Amino acid sequence: MPDLDRSPLDARALNRALVHPGGLWRRIEVVPETGSTNADIAEAAARGEPEGLVVVAERQLAGRGRRDRQWVSPPRAGLTLSVLLRPAVAPGAWSWLPLMAGVALCEAVDSGAVLKWPNDLLIGDAKCAGILAEVIGDAVVLGIGLNVTTRAAELPPPTSGLEPTSLLLAGARSTDREAILRALLRAFERWYVDWRACGGAAGPVGLDDSYKKMCATIGRRVTVHLPAGDHLTGDAVTVDGDGQLVIRTDDGDRRISAGDVLHVR
Ligand code: BTN
């Protein structure tokens, strides 16, 4: 039986609305099913596809999450997409890209969403979206998974103590996937074009300030599970000019570029 809450995306309408001369987006492909849109975009990057390709899957069979986790979402219950970027700025600045995607996602979703560093989208204390950034040579693949109309019984189990949710379950203002996708790609394009024009500096375009306003981690006591397997606990005091989280511990300030953050109550 067709799920009336879960209408398909309209690729032609998306391309008409978002692809324009001089803009970032070159082509938006909506595929009924794929393994992982990040894998698809990584392949496109490896065969030399220019930046601005977007692949959106109505269903992902092997969605990838951060730290080798899976991203699971029923068909058309959310947005699962990846974009191909070839940022012509120093690679040191690329660490802002996943944070930029988080800011654009927060703006698109509205509904009181905040970010847990680096880029989990939370509504209340529950996770509604995640972002996976991967570097392939001179390309960056940004993958975004957002739960939109997912029902409680369809949600995956909590990861790292974080309950999942969806826009529907969190009572968000809009659960219109197409409108959210347009808002997301437009917001990201605005940030990216300005940031690139400033050589990848977040300060002059206000990206760092916007990120800090949306980041619920700053000011919280946190435990961070580091990629090497150890962890540290302290107070998250700010995000620095490179997008790293600064944690005040008994042994001084530590700057973290990757890790799983737990907000300690
Ligand atoms: C996370 O662990 O929070 C990141 C999840 C990222 C999931 C998205 S869904 C679209 C894209 N394709 C993938 O395989 N993963 C990302």
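**Exercise 1.** Is Gly130 buried or exposed, and what is its relative accessible area?

*Solution.* The model is predicted: local features need pLDDT of at least 70 and side-chain atom pairs count only at pLDDT 80 or more, while totals for chains, interfaces and linings use all residues. Residues are numbered from 1 along each chain as its sequence is written, and side-chain values use heavy atoms, with hydrogens and water left out.

Step 1. The terms are fixed beforehand: buried means under 20% relative accessible area, exposed over 50%, and partly exposed in between, with a 1.4 Å probe and protein chains only.

Step 2. Gly130 has a relative accessible area of 9% and is therefore buried.

Step 3. Gly130 belongs to strand β6 (residues 126–136); helices (H or I, at least four residues) and strands (E, at least two) are DSSP runs, numbered from the N terminus.

Step 4. Contact means heavy atoms within 4.5 Å. Not counting residues up to four places away in sequence, Gly130 touches Trp71, Asn119, Asp120, Gly143, Ile144 and Gly145. Trp71 is 59 residues from Gly130 along the chain, yet their C-alpha atoms are separated by 8.7 Å.

**Exercise 2.** Determine how strand β6 pairs with β5 and with β7.

*Solution.* Step 1. Two strands pair if DSSP finds at least two bridges between them.

Step 2. Strand β5 (residues 120–123) runs antiparallel to β6 and is joined to it by 3 bridges. Within this pair, Leu121 stands opposite Ala129. The two strands form a hairpin with 2 residues between them, and Gly124 in the turn has a positive phi of about 65°.

Step 3. Strands β6 and β7 are also antiparallel, with 8 bridges. Glu134 has Val141 in β7 as its bridge partner. This hairpin too has 2 residues between the strands, and Gly137 takes a positive phi near 60°.

**Exercise 3.** Describe the buried face of helix α2 and the ends of this helix.

*Solution.* Step 1. In helix α2 (residues 37–46), the buried residues are Thr37, Asn38, Ile41, Ala42, Ala44 and Ala45.

Step 2. Seen down the helix axis, these residues fall within an arc of 160°, so they line one face of α2; the arc is that of the directions from the helix axis to the C-beta atoms. Glu43 and Ala46, on the other side, are exposed.

Step 3. The buried residues pack against β2 (53–57), β3 (78–85), β6 and β7 (139–147).

Step 4. At the N-terminal end, Ser36 caps the helix, with a side-chain oxygen 3.2 Å from the backbone nitrogen of Asn38. Just after α2, Gly48 takes a positive phi of about 90°.

**Exercise 4.** Identify the residues with the most contacts inside the largest nonpolar core.

*Solution.* Step 1. A nonpolar core is a set of buried Ala, Val, Leu, Ile, Met, Phe, Trp, Tyr and Cys residues joined through side-chain atoms within 4.5 Å.

Step 2. The largest core has 66 residues, and those with the most contacts inside it are Leu81, Leu97, Leu121, Leu146, Phe188 and Trp195. Its largest share, 11 residues, comes from helix α3 (residues 96–109).

Step 3. Leaving aside neighbours within four places in sequence, Leu97 is in contact with Leu85, Pro87, Val140, Leu142, Phe188, Tyr192 and Trp195.

Step 4. A second, separate core has 9 residues, among them Ile41, Ala42, Ala45 and Val141.

Methods
A polar contact is a pair of N or O atoms within 3.5 Å; within protein, one must be able to donate a hydrogen and the other to accept it, and residues adjacent in sequence count only if both atoms are side-chain atoms.
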